[in-house]
Amino acid sequence: MLEAAQLSKDYGSFRALNQLDLKILKGEVFCLLGANGAGKSTTINLFLNFIQPSEGTVKINDVDVTQHPLETKKYIAYIPENLMLYPNLSGVENLQYFCGLSGKKYPTAELHNFLQKAGLKEDLHKRRVGKYSKGMRQKVGIAIAIAKQASALLLDEPTSGLDPKASNEFAQLLQELKQTDVAILMATHDLFRAKETGTHIGIMKHGKLVEKMTTEEISHRDLEKIYLEHMHD
Ligand SMILES: Nc1ncnc2c1ncn2[C@@H]1O[C@H](COP(=O)(O)OP(=O)(O)OP(=O)(O)O)[C@@H](O)[C@H]1O
């Protein structure tokens, strides 16, 4: 579970995040929409303990991220816009390395199994990651999340720059992960994917969550309308 309560972040006199209240349960995919600079990455970075809150609390599985950063890091997997992997190592070697960092050691066959589950074709497993496309690298990120048995997944614009097929595949993987009781927070500019993939949608503006809804209760067209209305006023 991901939880923010009255969470704010100030940079000097500038408030980048303003009193965010948010709860994402296991099996939920919360898609955070908003213009550039709205505070989406700030929110994700607070969950990751990359930055410290100015006010309020941020918790993962009921554990305070600021007070217990090492413990909460064990629960989470993070896929940024450009996942940093080692270009000279293969997909399976990268996976092995990142599993090792989180204290997990798997037999090689198991590592291949995780990559397979993440949708990476077998002939790519042993190829240098430097030759991978962005979509393939993102799949290694998903494999890391699966191997780590992460209970929370944070994604910052993971599909930006992916072609529609790769983006669709990525969305399907998230659907599968959702079934495994992971709480997912994804910052995105893609309204279509947010509606398709998310269980919940939030719209952020000037650091404030100005709208929160379930994807069930809203059509694509209405979502776009509500989003644009917020961007114009
Ligand atoms: N280290 C920093 N120092 C000062 N201001 C910052 C810092 N990091 C972020 N900001 C400001 O905080 C605000 C929120 O930024 P944030 O990166 O969270 O936006 P975002 O919604 O993720 O945008 P994008 O869609 O462009 O990724 C922006 O105005 C940004 O300039």
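Here are some friendly notes on the structure above, which is a predicted model.

1. **The chain overall.** A good place to begin is the inventory: the chain holds 8 helices and 10 strands. Its C-alpha atoms fit a box of roughly 50 × 40 × 30 Å along the principal axes. The radius of gyration is 18 Å, which agrees with the value near 17 Å that a compact globule of 233 residues would have.

2. **Inside and outside.** How much of the chain counts as buried? The share is 41% of the 233 residues. Contacts tell you something further about the fold: among those with a separation of 6 or more, 68% join residues 24 or more positions apart.

3. **Around the ligand.** If you have the viewer open, turn to the ligand next. Its surroundings include a run of neighbours in the sequence, namely Asn36, Gly37, Ala38, Gly39, Lys40, Ser41 and Thr42. Tyr11, Ala16, Gly34 and Ala187 are also part of the shell. Helix H1, residues 40–47, gives the most to this shell, with 3 residues. Sorted by class, the shell has 6 polar, 4 nonpolar and 1 charged residues.

4. **Helices H5 and H6.** Two packed helices are described by the angle between their axes and the distance between the axes. For helix H5 (residues 134–147) and helix H6 (residues 164–179), the axes come within 10 Å and cross at roughly 5°. Angles under 35 degrees count as roughly parallel, and H5 and H6 are therefore roughly parallel to each other. On the H5 side, the contact is made by Gly135, Gln138, Ile142 and Ala145, while H6 brings Ala166, Glu169, Phe170, Leu173 and Leu177. These residues divide into 6 nonpolar, 2 polar and 1 charged.

5. **Helices H3 and H4.** How do H3 and H4 lie to each other, roughly parallel or roughly perpendicular? Helix H3 (residues 91–101) and helix H4 (residues 108–117) pack at an angle of about 105°, with axes 10 Å apart. H3 and H4 are therefore roughly perpendicular to each other. Gly91, Val92, Leu95 and Gln96 of H3 meet Thr108, Leu111, His112, Phe114 and Leu115 of H4. By class, this contact of H3 with H4 has 5 nonpolar and 4 polar residues, and no charged ones.

6. **Glu122, after H4.** Please look as well at Glu122, in the loop between H4 and H5. Glu122 is exposed, because 9 other C-beta atoms lie within 10 Å and a residue with 12 or fewer counts as exposed. His112, already met in the contact of H3 with H4, is 10 residues away from Glu122 along the chain, and their C-alpha atoms are separated by 7.7 Å.

7. **Two backbone angles to check.** Most residues other than glycine have a negative phi. Which sign does phi have at Gln149? Although Gln149 is not a glycine, its phi is positive, at about 55°. Gln149 sits in the loop between H5 and strand S7 (152–156), and Gln149 is partly exposed, with 13 other C-beta atoms within 10 Å. His206, also not a glycine, has a positive phi of about 45°. You will find His206 in the loop between strand S9 (200–205) and strand S10 (208–214). With 14 C-beta neighbours inside 10 Å, His206 counts as partly exposed.

Key
Residues numbered from 1 in each chain as written. Predicted model: local features only at pLDDT ≥ 70, side-chain atom pairs only at ≥ 80, totals over all residues. Helix = DSSP H or I, 4+ residues; strand = E, 2+ residues; numbered from the N terminus. Rg over C-alpha atoms; globule rule 2.2 N^0.38 Å. Buried ≥ 20, exposed ≤ 12 C-beta atoms within 10 Å, placed from the backbone. Contact = placed C-beta atoms within 7 Å. Near = placed C-beta within 6 Å. Nonpolar A, V, L, I, M, F, W, Y, C, P; charged D, E, K, R; others polar. Axes fitted to C-alpha atoms, helices over the stretch in contact; angles between N-to-C directions. Parallel < 35°, antiparallel > 145°, perpendicular 65-115°, else oblique.
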